[in-house]
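Grab a pencil and work through these exercises on a small sheet. Each task comes with a step-by-step solution.

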Amino acid sequence: MTHHCCEAMTSRVNMDCDQHDDPFACPDALVDFSAKFQEYGLIIHDGGRSSITINFCPWCGRRLPESQRDRWFDELERRGIDPWEDEVPAEFQDDRWLASLAVRSALPWSAEDELNVHVHAEAQDGDQLIDVFDAPSEGGVAVVRLMLVE
Ligand SMILES: [Zn+2]
Ligand SMILES: [Zn+2]
C-alpha cells in the first residue's frame, strides 16, 4: 500500500462508496490514484475515464511523488515483456513492482545470484515487509521472486 501525503489525500484516494464500485462513476470521487504509475489525477466526470494529473496535493500542498510511468515501461522491457502484447505480471498491476526494486537495491548482495535466500527486508517505507524467497533455478539461472507480505 502506498502512503499518501496526508490524511485528506488518503481518505480521498481510498474513498469507499457503497453505491459505486468505480470511482469514475461516483460523483463524490475526486482523485484517481494509479498505484503502478504513482500518479494522482483529478477525475473528469464526463462519463469517460479521463483525469487531470496533479503534481501537488490540493489539501496539504505537498509535492506528490514523481510519476513512475516511464520506469514502469523500462522495467517491463528489461524483463522482455511487451505490455501491449504480453500478459503483465501481477506485481506490475499495482505498486508491488516498486517495492521489489527497492528491496533489490537495498540487499547487500546481488539477489539474482543467490539461491535459498530467505530474508525479511524493510522497504523504503519502513513498514512494508518484503519476503524474498527463491524459486527453482532454471537452466542454471537463479530466479528470485519478491513478494509483499501484507
Ligand atoms: Zn458514489
Ligand atoms: Zn496531502
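**Exercise 1.** Work out in which sense strand 2 and strand 3 pair, and over how many bridges.

*Solution.* Strands here are DSSP runs of E, at least two residues long, numbered from the N terminus. Two of them count as paired if DSSP finds at least two bridges between them. For strand 2 and strand 3 of this predicted model, the pairing is antiparallel, with four bridges. One position to look up is tyrosine 40, whose bridge partner in strand 3 is isoleucine 54.

A note on the ground rules: local features need pLDDT (the predictor's confidence in each residue, from 0 to 100) of at least 70, side-chain atom pairs count only at pLDDT 80 or more, and totals for chains, interfaces and linings use all residues. Residues are numbered from 1 along each chain as its sequence is written, while chains are lettered from A and ligands numbered from 1 in the order in which they are written.

**Exercise 2.** Now find what strand 1 does with strand 2.

*Solution.* Start with the ranges: strand 1 covers residues 31-34 and strand 2 covers residues 39-43. They pair in the antiparallel sense, over four bridges. Across from tyrosine 40 of strand 2 stands phenylalanine 33. Next, check the hairpin: four residues lie between the strands, and glutamine 38 takes a positive phi near 55°.

**Exercise 3.** Put the strands together: what is their order in the sheet?

*Solution.* The order is 1-2-3, in an open, antiparallel sheet of three strands. Strand 1 and strand 3 (51-54) are the edges, each pairing on one side only.
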